[in-house]
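This report looks at how nonpolar side chains are placed in one protein model, both inside and at the surface. The sequence and structure come first.

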Amino acid sequence: MKSLVSLVLGLVVGCGAYAQAAFVPVGTPLNIIGDQKEFTVKTKNGPLVITRKMTACAKNGGSLQEVVPVAGVHPVGEIEILHALNDPEALVVDMRDSNDRVKGTIPGSIGIPYTEVVARMGELGCSKAGDKWNCDKAKKVYAFCNGPVCPQSPIAIKAMTREGFPAERIYYYRGGMLDWDALGFPSIKDEF
């Protein structure tokens with residue numbers, strides 16, 4: 001029990017108080033692409049197998065997401081997110097489940113869970129025209145979730161574009177909360 005307490009304290013002190021949705025022990029092999037847990041590359045010294053393991057600082061163990069989840073979507077980093085927070089034509093949207101958002105999110109962002117985004121496209125500047133969305137006046141949407149292995153915002157982006165939201169009005173912050181926190185930016189808690 002004492003060693004378990006020491007391990008937990010070490011994780012909190014070393015990487016911040018990150019809560020994983022499902023506990024994955026440090027050292028566990030993780031997915032890289034899809035269910036693939038290793039990737040072999042050719043080097044001048046022969047083949048090298050690249051693997052990925054859960055670390056003390058990791059937030060989740062999902063698979064890597066593409067930088068551009070849908071053609072036409074713009075990948076962005078922290079500088080673009082900071083500017084978007086002051087842009088009246090833009091919305092920085094936390095597309096994570098509300099349970100994640102309350103633990104900490106980007107100040108000034110709004111929360112629209114990935115499972116609700118299609119039903120709430122009116123909040124993004126679209127209007128319902130019968131059973132279809134008209135997104136001629138869509139805002140610029142800066143979408144994020146938990147980080148490079150989180151599928152929530154890519155799922156939402158695919159659903160939005162399928163329903164008529166213009167891909168060129170979507171800006172994907174793949175780094176998400178993992179990178180935001182790692183860079184020392186502030187987050188706010190208990191926001192819905």
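A residue is called buried when its relative accessible area is under 20%, exposed when it is over 50%, and partly exposed in between. In this predicted model, Phe-39 has a relative accessibility of 36% and therefore counts as partly exposed. Phe-39 lies in strand β1, which spans residues 38-43, and together with Ile-33, Leu-48 and Ile-50 it forms a nonpolar patch on the surface, whose combined accessible area is about 340 Å².

The interior gives the other side of the picture. The largest nonpolar core holds 22 residues, of which Met-95, Met-121, Leu-124, Met-160 and Phe-165 touch the most other members. At least two residues of this core come from each of β4 (90-94), β8 (140-144), α4 (152-162) and β9 (170-173), and α4 gives the most, with 3 residues. A second core, separate from the one just described, has 12 residues, including Val-76, Ala-90, Phe-144 and Met-177.

Strand β8 also contains Lys-140, which is buried because its relative accessible area is 18%, a value under the 20% limit. The table sets out the contacts of Leu-124 and Lys-140, leaving aside residues up to four places away in sequence.

| Residue | Residues touched (heavy atoms within 4.5 Å) |
|---|---|
| Leu-124 | Leu-91, Val-93, Ile-112, Val-117, Ala-138, Lys-139, Val-141, Met-160 and Phe-165 |
| Lys-140 | Asp-87, Glu-89, Ala-90, Leu-91, Arg-169 and Tyr-171 |

As general background, nonpolar side chains in soluble globular proteins tend to be buried together.

Notes:
Residues are numbered from 1 along each chain as its sequence is written. This is a predicted model: local features need pLDDT of at least 70, side-chain atom pairs count only at pLDDT 80 or more; totals for chains, interfaces and linings use all residues. Side-chain values use heavy atoms; hydrogens and water are left out. A nonpolar core is a set of buried Ala, Val, Leu, Ile, Met, Phe, Trp, Tyr and Cys residues joined through side-chain atoms within 4.5 Å. Buried means under 20% relative accessible area, exposed over 50%, partly exposed in between (1.4 Å probe, protein chains only). Helices (H or I, at least four residues) and strands (E, at least two) are DSSP runs, numbered from the N terminus. Patches are made of residues with over 30% relative accessible area and no salt bridge: like charges are joined within 9 Å, nonpolar side chains (Val, Leu, Ile, Met, Phe, Trp, Tyr) within 5 Å. Accessible areas come from the Shrake-Rupley method with a 1.4 Å probe; for residues, only the protein chains shown count as cover. A salt bridge is a side-chain nitrogen of Lys or Arg within 4 Å of a carboxyl oxygen of Asp or Glu.
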